[in-house]
There are 2 protein chains.
Amino acid sequence: MKKSLGPKTLAYPTPVWVLGSYDKDGRPDVMTFSWGGICCSKPPCVSVSLRQATYTYGNIIERKAFTINIPSEKYAREADYFGMVSGRTIDKFSVTGLTPVKSDLVDAPYVKEFPMVLECKVIKIVEIGLHTQFIGEIIDVKADDSVIGDKDLPDIAKVSPIVFCPEGRTYWRIGGPLGEAFSIGRSFNDVK
Amino acid sequence: MKKSLGPKTLAYPTPVWVLGSYDKDGRPDVMTFSWGGICCSKPPCVSVSLRQATYTYGNIIERKAFTINIPSEKYAREADYFGMVSGRTIDKFSVTGLTPVKSDLVDAPYVKEFPMVLECKVIKIVEIGLHTQFIGEIIDVKADDSVIGDKDLPDIAKVSPIVFCPEGRTYWRIGGPLGEAFSIGRSFNDVK
């Protein structure tokens, strides 16, 4: 029996990603967000929803670019901190000791210590409600050599991204492999 | 050192969710997708990106409503199958033996056996490229009594949602808890 929980932003898994941007003076900033996801295959795009009140919102409006940095679980404390304070008054790189690197492809910085980054250019802005959605074309994905696995792709077990539970406000790890996509369901082809 | 992987739809974690819709004749259909995520807090909204070629695309254009069903890992085979075949020619509920339930709030069916469902009404349609993004207002979230945990919220360990790795095309499990959000990063407040 299903219980009604009301109209809530409740969905699992939800990502923990860190947005990198430059402010108008060229100072690198980062903020953590969970409202987003891949949204198109061609061109490859990812969406990010931000409140207008955030410092990052103004940065992205100005620069029309951002990076999405995927923190590994060992940087959960840093990622959590990046979501709690504003870049308007705090230099989050300096406080945490992490290193901003200027992207060679888009006008935004990325976090050197995080294992993966998506470098994006804004191609569309969608007003929804409290949040504004920025759709970014993925110009490149970069990953640390140390997390590259089979097929020359980042191994999720090595990246060890963080999963967020909204409402309950907890972080979770990735577990083990469950199966091959576009494969394990094939057995149903025999049923029909 | 970071290695360039090119412009790819590569981000972790990416969800494995199942979209429920009715076709023009009222026949329930489901399809699996991974391009989406929460996109606004007020009103609570979730986005879903679909190719125009899918059967579900036409259903949603017609009905302006959908459900997002979160399969638990024990339904990974069914979820995989739902992403491989088209509702145009196959009754996916009948083949898998799963049960469509008519939502009492939106004009769409949900999957009885999956532990969580978001019932949504389309409030915006965004053309991006190969994919069209549907933004749905979350009218209600429902969860099985058996997965409800602390704070009357679904326990992610009990829901056991599936994580998708794009490009590598593998499914993964959720692991263990990592920490409290808006809490574990507080120690950096002493640094500044």
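**Reading a two-chain model**

Q: Which residue of chain B comes closest to the rotation axis?
A: Among the residues of chain B, B:Gly175 comes closest, its C-alpha lying 1.8 Å from the axis. This is a predicted model, in which local features need pLDDT of at least 70, side-chain atom pairs count only at pLDDT 80 or more, and totals for chains, interfaces and linings use all residues. Residues are numbered from 1 along each chain as its sequence is written, while chains are lettered from A and ligands numbered from 1 in the order in which they are written.

Q: What rotation superposes chain B on chain A?
A: Two copies of a chain are related by a rotation about an axis and a shift along it. Here the rotation is 180° with 0.0 Å of shift along the axis, and the RMSD is 0.0 Å (a least-squares fit on C-alpha atoms of residues with pLDDT of at least 70 in both copies). That is the relation of a two-fold axis.

Q: How many residues does each chain bring to the contact?
A: Chain A brings 95 residues and chain B brings 95 residues, where contact means C-beta atoms, placed from the backbone, within 7 Å. On the side of chain B that touches chain A, strand β13 (residues 170-180) gives the most, 11 residues; strands (E, at least two residues) and helices (H or I, at least four) are DSSP runs numbered from the N terminus. That side of chain B has 53 nonpolar, 22 polar and 20 charged residues (Ala, Val, Leu, Ile, Met, Phe, Trp, Tyr, Cys and Pro are nonpolar, Asp, Glu, Lys and Arg charged, the others, Gly among them, polar). Since 100% of the interface residues of chain B are also interface residues in chain A, the copies meet through the same surface.

Q: Which strand of chain B does strand β1 of chain A pair with?
A: β1 (residues 2-6) of chain A pairs with β11 (residues 131-144) of chain B, antiparallel, over four bridges; pairing takes at least two DSSP bridges. In β11(B), B:Ala143 is the bridge partner of A:Lys3. Within chain B, seven bridges join β11(B) to β6(B), also antiparallel, and B:Ser47 has B:Ile135 as its partner in β11(B).

Q: Which residues have the most contacts inside the largest nonpolar core?
A: In soluble globular proteins, nonpolar side chains tend to be buried together. The largest core here has 118 residues, and A:Val46 and B:Val46 have the most contacts inside it. A core joins buried Ala, Val, Leu, Ile, Met, Phe, Trp, Tyr and Cys residues through C-beta atoms within 7 Å; buried means 20 or more other C-beta atoms within 10 Å, exposed 12 or fewer, partly exposed in between, with C-beta atoms placed from the backbone. Beyond four places in sequence, A:Val46 touches residues including A:Ile38, A:Leu118 and, across the interface, B:Ala11.

Q: Is A:Val126 buried or partly exposed?
A: A:Val126 has 19 C-beta neighbours inside 10 Å, so it counts as partly exposed. It sits in strand β10 (residues 116-127) of chain A, and its contacts beyond four places in sequence are A:Gln133, A:Ile135, B:Lys124 and B:Val126.

Q: Which residues of helix α1 of chain A are buried?
A: An α-helix has 3.6 residues a turn, so residues three or four places apart point the same way. In α1 (residues 55-63) of chain A, A:Thr56, A:Asn59 and A:Ile60 are buried. They cover an arc of only 95° around the axis, which puts them on the same side of α1(A) (the arc uses directions from the helix axis to the C-beta atoms). After α1(A) comes A:Lys64, with a positive phi near 55°.

Definitions and conventions: Contact = placed C-beta atoms within 7 Å.
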